[in-house]
Every structure is written in structure tokens, then in C-alpha cells.
Amino acid sequence: MVKFLSLKEAVAENLHDGDTVAFEGFTHLIPTAAAHEAIRQGFRDLTLIRMTPDLIYDQMIGLGMAKKIVFSYVGNPGVGLLRRARDAIENGFPRLIDVEEHSHAGMANAYEAGAAGLPCAVFRGYRGAGLAAVNPNIKSVTCPFTGEVLAAVPAIRPDVTFIHAQKADRKGNVLVEGIIGIQKEAVLAARRAVVTVEEVVDNFDDLHPNLTVLPSWTIAAISVVPGGSHPSYTHGYYERDNAAYLEWDEIAADRDRFQAWIKKNVIESSADDFAGRVEHLRKAA
Amino acid sequence: MSDADDPGFTPNEMMTIAASRALKSDDVCFVGIGAPSAACNVARLTHAPDITLIYESGTIGTAPDVLPLSIGDGELCETAVTTVAVPEMFRYWLQGGRISIGFLGAAQLDKFGNINTTVIGDYAHPKTRLPGGGGAPEIATSSRQVYITMAQSKRGMVEKIDFFTSFGHGEGSDHRERLGIDTAGPTLLITDLAIWKPDPVTKEFTVVSLHPGVTREQVQETCGWTVKFAEALDETPAPTELELKTLRDLQARTKAAHAGIAKGKA
């Protein structure tokens, strides 16, 4: 049964040290507020899964919260590199992390296999690609009908998935729209799912019947956090803060400046601060 | 450079415009971010108005007014014919064989069109950890053809890449066929100095056209392998006024749109 909780309670109830966790979002709807709450609660030894680990994983890796990262694009989207993740991978600072690297097709198929309850995903991929030689989780199977050799990767099954979405209704059903990314698969592949939403509405009676709605019984907890995906965006609510992504490149380039930024903007802040961060990005309705 | 020598366009503008000319209205193009994105949208705004542009965030048939900073900007979704989930994008649309052109950039490129965007140095102990492949490993093998665009430099165009992120023609010749890959792979390389095409037999990229004012020496000096030139070497037509205006207007709109101020940040 889904619970409406404060973000602090939702994170504390569902995330634990050593968990395999996905904070998913494909440029759009990145669950930044949930990740910052996880930072404030100080979890350790996490295995972080995400197709496009961007600022939030750069922050968690830079704080030494991760023992392993599973990903397919470890960049600052549209800007360049992730400098805290680089420091960990290149220099072991602040700790060494294990790396499991895939392509987008590999990760997307693996999430889908997780949602489908399959042990692995089969697809046409990694042909001639160097990743197959450095990632032991990339294997191949032969089609029993045609003899074609196809790529196989294990299904992704997170202990917990966090996503951000537009809205929930009072029963706890959740609407995701716009660039929906891998969110539905990441929720259905996980043992538990926590969703932050912009708002709660009375009901979904007027929605188009084919929209992406996650039924309440697929979700463990919902927290209302307006602006909760900043500096990413929420389609229909506020735009992407591109300037913040550009600025992050400078903040993350320096270990001390990074720590100062985390102290001010995460440790000494709360989920309530996100609404103010998107005020200048809200479109005229 | 005196005014008399000023061609009226930059090498990067020439690169983007030359790349845009390679695209047709009936192409279905999987667009990489950066230089490919600019070229694809100039094509759409000039000679190829009906081109289908697809970004890996799931946006199909998108027509952005400004260039997206990321592959998932809201503008892409708002102007698209439809937006699908990421697994559907890679399974049905790319793997399903619906993409005619995969348009990629490169950090490191070799003469057979193999691309590295993963690491500089050893994979386990990299000197520089780059973002990695994202969608590119499968774009490179499932699109019917691959176009590549990048500015020339000795660091970027190298004899041997450090990591095979995206497979081009491998060691050349019939390497793709030997791996069972039935798509054409890289068929066109557009740099800031020249247009290159693979040799029909060896698959080594060969210069077929020099941009206006560019010499063979300049192409060689900015390339890490010994460059082969076609016997009949063309000169790339200079950008037209319409092409230049379209590109510059697009870039000006993009710059204005991305110049927002980050509030609530340290």
C-alpha cells in the first residue's frame, strides 16, 4: 500500500547502507531532491545504477557514498565530463569505485528485462564494441531459430528505485509524461519504488487513456516536492536550468569548492528549498 | 589575416554546413549531440524540411527552434511527432532498422572510422575518463549508414584509438561483414577542412573534397595518420548566404536561450 510521506521519511524507510539503488531520469525528471535527502542521511557503500549518471551521482560519488557505479554515459549532459566521478575513477578519490559500463541499449534492455521478470536481456548490440571485452556481464547467446549471435546482459533489479514525476492522485497513482525515459521500467524492475511529485490532484479522471500512469500498488512511497528535479526539469511545470549544468562543471572541478557547495546547497538545505530554485524557470501558464 | 583573405565564414561553419548538405528530406536521422545536432537542424531549416530527426531521449520527428544543450531538452519533446520510452527507442526504432543515418561526433577517430569516446589511456587505469558511449555503440552498427563530423586535430584523429567505443570499419576491408554486421557503417566524414569517404576496398577514409582555401598540407598537419587523397579532388562549395544566415540565426537563438542565470546556486 503506497504511503504519502515526507521525503525524509520516504528515504529513511526505503534506502539502506549497501543497497543497489537507481535514481533514474533521462535528462528530464531527475530525482535531485531524493538524491540530496540520501546525501543528508549519509548512506554508505551504495551500488548506484543509472543510464546517465549526471550531477546527482557526481555528488554522491564525490562524497564517497558509492562502492560501485553501473552506467552507460557518465557525462554532464551537453556540457562535458563529470569531474567528481573522474576523480574517483582516475585517482581513487575520495575512494576507489567499481565500474560496470554498458551502452544505452544494454541498460535499457536490462531494465526492461528486470521489469519483465526475466533473468537477462537479449538484443542485437555491442558488435565490435570494446565494452564487451572489459565488462564480464556482457555475454552472447545464439538464437535457436536463426543462429544469429546476440548480446545478453543480466536484468537490472534494484533494491529501490527513485523517480520524480509530474503528479499523483489522492489514491497514489502517478503520472509521468514528456520524455518518459526509463522510469516505468526502473520502477517495475525494483523491489521498492519511491516517487517525488510536483503536486497531488484529486483524481486522474480527465487523463488521456494511454498516458504513462504507474498504479499506486507499484509504489512504496510518494513525497510531494515541488521543484524536486531541479536543475533538471519537469515537463509542464518548469524548464531545465541549463546555466546550472554549465556552472556545475566549475564547481565539481575543485575538491574544496565542491565540498563548500554541498554544505550550503545540500547539508544546510532541505527538500522545501527546491520550489524556490525553479521559480525563475516556470513558464507563464 | 587581411580582409581580402577573409572568406566570410569560419572552418567550423563550413564543417556544419557541409555536413548539413549530406542529409536529405527522406532521411531518418539519429542525431548525436554537438556538431551533428547543428548540422541536422541546418539541413531541416534549409534543403531538407521533411527530414525526421530522432534524439536518443525518445523524441521522434523533432523540430527544435533552438539547439538543445542535452539530448533530452524539453524543446525536443514539445516539437516532436511523438515521444517514446528509451527502451522502445533502442529496440523498435534503432535495432528495428528504421534509422537511415546515424550522425555521430568523436573524441578520438581512426582512419577506418572507429570512434573512441570512452577513455584516454588504459581502460582500467585511464588517464582521462570520458563520458563513454551512451547510444553510440548500437547507433554505429544498427543505422543503415553512419556520418561522422569533427574538427581536425592530431589528438583527435589518431593512428590507433585507445578504446573501441563504436565500431566503424574495424581493421578495414570486410571486417564488418566478418563480424556479421550487415549495415554500411561510416560512409562520410566531414571535418572543418575536408570531406572524406571510405575507399571502396580498404575502407580507409580518403579526402575527396577540400573546403575553400584549404591545402593538402593543412589537412595532413592536423591528422595523426598519413592522409590519402582522391585522384580527382573536389573543392567544397562555399556556404551560401542562406546556409550561413540559417546557421548563425540558429546559434544566436540557442545562445540567448541557454544564457539563463542559475538562481539558488552557490
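**Two chains, one predicted model**

Reader: How many helices and strands are there in chain B?
Author: Good place to start! Keep in mind that this is a predicted model. Chain B holds both kinds of element, and its count comes to eight helices and 14 strands.

Reader: Why does the radius of gyration of chain B agree with a compact globule?
Author: Begin with the chain length, which is 266 residues. A compact globule with that many residues would have a radius near 18 Å, so the two agree, as the value for chain B is 18 Å.

Reader: What share of the residues in chain B is buried?
Author: Let's use the cut-off here: a residue is buried if 20 or more other C-beta atoms lie within 10 Å of its own. Applied to the 266 residues of chain B, the buried share is 51%.

Reader: Which domains is chain A divided into, and where do they lie?
Author: One domain is made of three stretches, and the other is a single stretch. They are domain 1 (3–102 + 157–258 + 270–276) and domain 2 (104–154).

Reader: How many residues of each domain of chain A are in contact with the other?
Author: Taken over C-alpha atoms, the centres of domain 1 and domain 2 of chain A are 25 Å apart. Contacts link the two domains, and each of them contributes 12 residues.

Reader: Which element gives the most to the side of domain 1 of chain A that touches domain 2 of chain A?
Author: Two elements of chain A, strand S7 (98–101) and helix H7 (183–189), each supply at least two residues of that side. Its residues divide into six nonpolar, two polar and four charged. With four residues, the element that gives the most is H7(A).

Key:
Residues numbered from 1 in each chain as written. Chains lettered and ligands numbered in written order. Predicted model: local features only at pLDDT ≥ 70, side-chain atom pairs only at ≥ 80, totals over all residues. Rg over C-alpha atoms; globule rule 2.2 N^0.38 Å. Buried ≥ 20, exposed ≤ 12 C-beta atoms within 10 Å, placed from the backbone. Domains from an automatic or database assignment. Contact = placed C-beta atoms within 7 Å. Nonpolar A, V, L, I, M, F, W, Y, C, P; charged D, E, K, R; others polar.
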